[in-house]
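Biologist: I am new to this structure and would be grateful for a close look at a single part of it. Please take me through the surroundings of the ligand and then place them in the wider architecture.

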Amino acid sequence: MNYIKTNLILNHPLSFWANFEGGERFFWYDSTQNQLIIGCERLKAIETPNASYPYAFYTQTFFNQIKGKLWEDFGGETLVFKHYFVKNNHESYMLSVDGTPEIKEGKFPLITHRVTEKSSDFGSWERLFNKIQENFAQHRSEKIVASRELEFTSDTGFNVESILQKLITNNPGCFIFAYQKGEKIFLGASPEILVQKQEEKILSFALAGTMPRLPLNDTALLHDSKNLHEHNIVVKKIRQSLLERAKRVTVGQTGIMTLKNVYHLKTVLTADNEDGSLIDWTKHLHPTPALGGEPKEEALNFLRKYETYERGLYAAPIGVIDAKGNGTIVVGIRSALIDGNTLHAYAGCGIVPSSDCLDEFNETKIKLKTILEAL
Ligand SMILES: C=C(O[C@H]1C=CC=C(C(=O)O)[C@@H]1O)C(=O)O
């Protein structure tokens, strides 16, 4: 495809996004590299990212099949767009395949949304938690990542530009994403790389094990047996999955990732890519036991049966792939789906036999703050 490149300096990069109001569009900000990519107006869905398109936007739903109306026809495609805006430390430009649109500068004030929570049901969490403990008692699995969906409404609707700005400010070190199709927008700030490909180098984060960000918890987390167990299941599984396709795999030292409200245990794994595209690797790794459980199939069957709502793109692969096939796929956690005046927020946590029901419930509440503090 013949994309025309035009230098474009914007006072506010969201002006590009806002210019395509109501259309299909995606937003991607990698704060680790200070790189922003916005794509607007679907050109088409493609099978394999290739040199014809500067960037492809990839989403894969958590489960292969979608249940219910909310997530119907939303995600599960590799999309290329007619117009892109790219900004990094060196350049700021637009790429367009279909004429060069005029971009008007906009103003993007920060809004404080007044939201009402539909209900926060500890009873249903407790039932799910107890079912998981039964599953452990029957030796069917060793870890299951349970989640919650919460509904918030706002009489005035949701101002996506304001939410995105707050997500960026509040979450250094994270990947800020938004995908709009029709009336619905999925957005969030994920700290977790599922797989990153840079030529022949493959990288994946084992990110699991959490404590609230309070003094001394960073060191406590490194020595907490429940969290280390939860974490090591993920390290072991990702290492094994990488070894199935790569000869040399390196497991880094386990350390702490510090986020606005929580500490996580984090281990970086790297491998040499012998063959396989970023999408092949994504399909091979998803879901790690940081999002699904161990063993994978048992956890997936369990979650399908006992979680009462559809996960859609929550905890599922989402990211950007460039023309050379390099890119980053994160997992869509610390996220929400906005549908008109309703926002569905998601948060989960890894459950192991020694987990405590109330502690884990409280952990999901802290993780939900990523979204709630951006409203
Ligand atoms: C599933 C989520 O978090 C995962 C990522 C980091 C730490 C996690 C944990 O400690 O349970 C989860 O595995 C979520 O935020 O919804």
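How do the residues of the shell around the ligand divide into nonpolar, polar and charged?

Modeller: The residues of that shell divide into nine nonpolar, six polar and three charged. Here Ala, Val, Leu, Ile, Met, Phe, Trp, Tyr, Cys and Pro count as nonpolar, Asp, Glu, Lys and Arg as charged, and the others, Gly among them, as polar. The model is a predicted one, in which local features need pLDDT of at least 70 and side-chain atom pairs count only at pLDDT 80 or more, while totals for chains, interfaces and linings use all residues. Residues are numbered from 1 along each chain as its sequence is written.

The ligand is surrounded by 18 residues, of which the closest are Thr-210, Ala-290, Gly-348, Cys-349 and Gly-350; a residue is near a molecule if its C-beta atom, placed from the backbone, lies within 6 Å of it. Two or more residues of this shell come from each of β8 (143–153), β12 (201–212) and β20 (342–351). Helices (H or I, at least four residues) and strands (E, at least two) are DSSP runs, numbered from the N terminus.

As for the wider architecture, the protein chain is divided into domain 1 (4–96) and domain 2 (116–175 + 191–372), with bounds from an automatic or database domain assignment. The C-alpha centres of domain 1 and domain 2 lie 23 Å apart. Their contact takes 30 residues from domain 1 and 33 residues from domain 2, where two residues are in contact if their C-beta atoms, placed from the backbone, lie within 7 Å. On the side of domain 1 that touches domain 2, α1 (14–19), β2 (25–30) and β4 (55–59) each supply at least two residues. The largest share of that side, five residues, comes from β4.

The largest nonpolar core, a set of buried Ala, Val, Leu, Ile, Met, Phe, Trp, Tyr and Cys residues joined through C-beta atoms within 7 Å, has 101 residues. A residue is buried if 20 or more other C-beta atoms lie within 10 Å of its own, exposed if 12 or fewer, and partly exposed in between. Among those with the most contacts inside the core are Phe-27, Phe-177 and Ala-206. Domain 1 and domain 2 both give residues to this core, so it lies between them. Phe-177 touches Phe-27, Trp-28, Leu-187, Gly-188 and Ile-318, not counting residues up to four places away in sequence.
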